[in-house]
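This report describes a single protein structure for a reader who has not met it before. The sequence and the model are shown first, and the account follows.

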Amino acid sequence: MIAQEKQRGIAAGNIYLAGFSQGGAVVLHTGLRHKERLGGILALSTYLPLAQTLRSEAEAAARQTPIFMAHGKADPVIPYELGRASADRLQEQGYMLEWHGYAMPHSVCPEEIRDIGNWLNQKMGG
């Protein structure tokens with residue numbers, strides 16, 4: 001999909017990947033291994049898949065891709081601690097990451113939507 005958007009004339013820096021739960025794992029895996037800096041990655045209620053191979057597979061440009069991660073503190077599907085540990089691991093490896101935790105289960109809440117909007121406006125210069 002990234003290649004398709006680039007072929008349509010969208011610069012990599014204007015492409016944002018977003019996913020919830022398993023979709024969040026997909027966008028983290030893809031975005032952190034992409035050869036160019038993307039506009040950003042939004043990973044909600046998720047975890048870092050294949051964390052043990054990231055150091056060897058990561059692209060240097062991907063370290064500059066901003067990441068927004070958020071998770072419900074009462075998530076019964078993907079434990080909050082797993083999401084938080086994934087964010088910590090990325091920050092330890094030098095990724096630009098903003099973390100948010102919310103009083104919610106495996107879902108999205110109004111505060112999270114507000115914070116996503118603020119983050120996107122900041123990244124897009126709005």
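In this predicted model, the largest nonpolar core has 22 residues, and Leu28, Leu32, Ile67, Met69 and Leu90 touch the most other members. Several elements contribute to this core: helix H2 (22-31), strand S2, helix H3, strand S3 (67-72), helix H4 (80-92) and strand S4 (97-102) each supply at least two of its residues. The largest share, three residues, comes from H4. Apart from this core lies another one, of nine residues, which includes Leu42, Phe68, Tyr102 and Cys109.

Leu28 may serve as an example of a core residue and its surroundings. Leaving out residues up to four places away in sequence, Leu28 touches Arg33, Ile41, Ala43, Thr46, Tyr47, Leu48, Pro49, Ile67, Met69 and Leu90. Two of the residues named here, Met69 and Leu28, also appear among the contacts of Thr46.

**The loop between S2 and H3**

Ser45 is found in the loop that runs between strand S2 (40-44) and helix H3 (51-57). Thr46 and Leu50 belong to this loop as well. Are these residues buried or exposed? Ser45 has a relative accessibility of 0% and therefore counts as buried. Thr46, at 1% relative accessibility, is likewise classed as buried. Leu50, with a relative accessible area of 45%, is partly exposed.

The contacts of Ser45, not counting residues up to four places away in sequence, are Phe20, Ser21, Ala70, His71, Gly72, Asp75, Ile78, Met104, His106 and Ser107. For Thr46, with neighbours within four places in sequence set aside, the contacts are Ser21, Gly24, Ala25, Leu28, Met69, His71, Ile78 and Gly83. Thr46 and Leu90 stand 44 residues apart in sequence, and their C-alpha atoms are 13 Å apart in space.

The backbone of this loop also deserves attention. Most residues other than glycine have a negative phi. Ser45, which is not a glycine, has a positive phi near 50°. Leu50 also has a positive phi, of about 50°, although it is not a glycine.

**Salt bridges**

Side chains of opposite charge can pair when their charged atoms come close. How many salt bridges does a search of the whole structure find? The search finds six. Three of them are set out below, each with its N to O distance.

| Salt bridge | N to O distance |
|---|---|
| Glu5 and Arg8 | 2.6 Å |
| Lys6 and Glu36 | 2.3 Å |
| Asp88 and Arg84 | 2.5 Å |

In the pair of Glu5 and Arg8, Glu5 is partly exposed, with a relative accessible area of 26%. Arg8, at 59% relative accessibility, counts as exposed because the cut-off for that class is over 50%.

The side chains of Lys6 and Glu36 also meet in a salt bridge. Because Lys6 lies in helix H1 (residues 2-7) and Glu36 in the loop between H2 and S2, this pair ties together parts that are 30 residues apart in sequence. Lys6 is partly exposed, with a relative accessible area of 34%. Glu36 is partly exposed too, at 29%.

Asp88 and Arg84 are both in helix H4 and lie four residues apart, so about one helical turn separates them. Asp88 is partly exposed, with a relative accessible area of 29%, and Arg84 is partly exposed, with a value of 24%.

**The largest pocket**

Rolling a probe the size of a water molecule over the atoms shows where empty space is left. The largest pocket holds about 150 Å³ of space. Which residues line the largest pocket? They are Met1, Ile2, Glu5, Ile15, Tyr16, Leu17, Val26, Val27 and Thr30. H1, strand S1 (16-20) and H2 are the elements that give two or more residues to this lining. H2 gives the most, with three residues.

By character, the lining residues divide into seven nonpolar, one polar and one charged. Glu5, one of the residues of this lining, is also the partner of Arg8 in a salt bridge.

Note on methods
Residues are numbered from 1 along each chain as its sequence is written. This is a predicted model: local features need pLDDT of at least 70, side-chain atom pairs count only at pLDDT 80 or more; totals for chains, interfaces and linings use all residues. Side-chain values use heavy atoms; hydrogens and water are left out. Buried means under 20% relative accessible area, exposed over 50%, partly exposed in between (1.4 Å probe, protein chains only). Contact means heavy atoms within 4.5 Å. A nonpolar core is a set of buried Ala, Val, Leu, Ile, Met, Phe, Trp, Tyr and Cys residues joined through side-chain atoms within 4.5 Å. A salt bridge is a side-chain nitrogen of Lys or Arg within 4 Å of a carboxyl oxygen of Asp or Glu. On a 1 Å grid over the protein atoms alone, a cavity is a set of points where a 1.4 Å probe fits but cannot get out, and a pocket is an open set with protein on both sides within 12 Å along at least five of seven lines; lining residues have an atom within 4 Å of a point. Grid points are joined across faces, edges and corners, and a volume is the space filled by probe spheres set on the points. Ala, Val, Leu, Ile, Met, Phe, Trp, Tyr, Cys and Pro count as nonpolar, Asp, Glu, Lys and Arg as charged, and the others, Gly among them, as polar.
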